[in-house]
Amino acid sequence: VFVVGNDSLLLGSLQSVLGVVFSLYSFAKQNVSYLRSPCQEILLWFLEKSEREVSLAVLEGFVGLNSSVHTLHPQCQFRAGSEGGAVIAVEETISDEDEALYQKVSSEQCCVENLVELLSHCQKSGLAGDFFIRCLKALTRVAAEDEAELNSAAVPGGSLLELEQYHTRQRKKLLVLQLVATLCENVSDTIFTDIAQVEEFVAATLQRACISPARGPGAAEETQTLAMAMGLVAAMLSGAVQLQSSDFAVLKRLVPLLEELSHTYPEPLTQELATDLRIAICTHGAFSPSSVGAAADSVLGKKAGAGAQSPADVPGRAPSPRSGRAPPQHDHCSPSAPRERSKEQSICHKPSATGPAPASCADSPAPEGLQELLVSAYDPQPPSRAAALRCLANLITQRDPQALQLQEKLLQVFLENVQHEDAFVYLSAIQGIALLSSEYPEQILPILLARYRCLTQNTEDTAAAITRMKLGEVLMRVTRALGE
């Protein structure tokens, strides 16, 4: 009625149910359903026909950044109906706090991915670029609020209401940061629509980093924001957008801040990247040091080249020889991955238990694109690693013949990443194993059960207990998917 009729008078009546249509679209994206296409058409029709401000507000509402969109009741969930349709089922509130948090994180991650997938179809209209700029503004605004709060004397003895407001802002900042990262990776050709707006965001971020380097409870988010800001500049200088002389005039406003950052920031690699970005801007890109290209590749989601030898050697996602130096690594989890692998090897006493090292992925006869994904699954930066795992999981969902031929290698990659500390990494790995097990239960389930049994023998090891819980989640998902 709405799409075929194509009457803009219907826009207002459609807006009241858009949140539910988006939920149905997200459900259809995760399952085989004929509802996916009509849901997508309805959503795109509204986004393209509405005034830009309305479309942007609705997009924010889809991921929970505002309350402009009405959604399903929290206890209502879509479930597969007969003949590829869907039904709404009422579920009890989850009493287990850990399970509730897991479901919430998974749901938010799914919403972000589906929103960005939807925006990838709006590239000609510039909606993706406008939404990207809006996210950058939101990130700057939330960070400024945090800084103001840190400077006030009321924080230490804050009331419960103030504490709740603080956590709400932190959640919003993380959500926006994830949106920016996913937009960069999936629709990078159209997001750099306004150089001045990007410069404004980067300048605000650099200024905060110069005044007060990341510390305290929000240090991880601040550090990720700084890495994202510097990566955006690197991406522009590396050819993501054709820069004119007027654009360089805008970027030169960042030179004093980069100069200060290169002397005052406590992290050496960030200092080095700040110096290199300043050189690249001042020379109008004529001289672009290797770290600039590496940082750009990391932000734009390009995969590491086949020549990578180990996770430590993967510079962001830099594929070319220019990436002689690694970009700034702010991931406090990355050093733990090799330790976790060695722990599990000692538990099981089997060299093959944890799968091949990343080098063997690079040396494998896998097709080039798949080979790059396998190497990227060991990227030191969690967002890049999680993105590679999601791509591998999508290949399984699409029954890609080349990926399915490497089912054992994929299983090993997913199993190693299950042990990662970052929630988005291990959730992506859990999803990948569950999909793979659903396709090949007879081959995969015995391996999972053996691994699970092996981990139950050592009840004292905390790392083993955490991995065991994650594998338990995998087995639970697989049994649900297989049914009776």
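Student: Why is F62 called buried?

Tutor: In this predicted model, F62 has a relative accessible area of 6%. Buried means under 20%, so F62 is called buried.

Student: What makes the pair of F22 and F62 stacked?

Tutor: The two ring centres lie 4.4 Å apart, with 5° between the planes. Rings pair if their centres lie within 6.5 Å, and planes under 30 degrees apart count as stacked. Both conditions are met, so the pair of F22 and F62 is stacked.

Student: How do you know that this pair links distant parts of the chain?

Tutor: F22 belongs to helix α3 (residues 18-30) and F62 to helix α5 (residues 52-62), with the two 40 residues apart. F22 is itself buried, at a relative accessible area of 2%. Ring pairs also bring in Y25, forming a cluster of F22, Y25 and F62.

Student: What makes the pair of F2 and W45 edge-to-face?

Tutor: By the ring rule, the count comes to four aromatic pairs. In the one formed by F2 and W45, the distance is 6.2 Å centre to centre and the angle between the planes is 65°. The distance falls within 6.5 Å and the angle is over 60 degrees, so the pair is edge-to-face. F2 lies in helix α1 (residues 2-5) and W45 in helix α4 (residues 36-49), 43 residues apart.

Student: Why is F2 called partly exposed, and why is W45 called buried?

Tutor: The relative accessibility of F2 is 23%. That value lies between the 20% and 50% limits, so F2 counts as partly exposed. W45 has a relative accessible area of 6%, which is under 20%, so W45 is buried.

Student: How do you know that K470 lies over the face of Y426?

Tutor: K470 is placed 4.0 Å from the ring centre of Y426. The distance limit is 6 Å, and the rule also requires a position within 35 degrees of the ring normal. K470 is assigned to the face of Y426.

Student: What makes the approach of S428 to Q109 a polar contact?

Tutor: The side chains of S428 and Q109 come to 3.2 Å. The cut-off for such a pair of N or O atoms is 3.5 Å, so the distance qualifies as a polar contact. S428 is located in helix α22 (residues 423-439).

Student: Why is S428 called buried, and which residues are in contact with S428?

Tutor: S428 has a relative accessible area of 4%, which is under 20%, so S428 is buried. Leaving aside neighbours within four places in sequence, the contacts of S428 are Q109, A386, L389 and R390.

Key
Residues are numbered from 1 along each chain as its sequence is written. This is a predicted model: local features need pLDDT of at least 70, side-chain atom pairs count only at pLDDT 80 or more; totals for chains, interfaces and linings use all residues. Side-chain values use heavy atoms; hydrogens and water are left out. Rings of Phe, Tyr and Trp (its six-membered ring) pair if their centres lie within 6.5 Å; planes under 30 degrees apart count as stacked, over 60 as edge-to-face and the rest as tilted. Helices (H or I, at least four residues) and strands (E, at least two) are DSSP runs, numbered from the N terminus. Buried means under 20% relative accessible area, exposed over 50%, partly exposed in between (1.4 Å probe, protein chains only). A polar contact is a pair of N or O atoms within 3.5 Å; within protein, one must be able to donate a hydrogen and the other to accept it, and residues adjacent in sequence count only if both atoms are side-chain atoms. Contact means heavy atoms within 4.5 Å.
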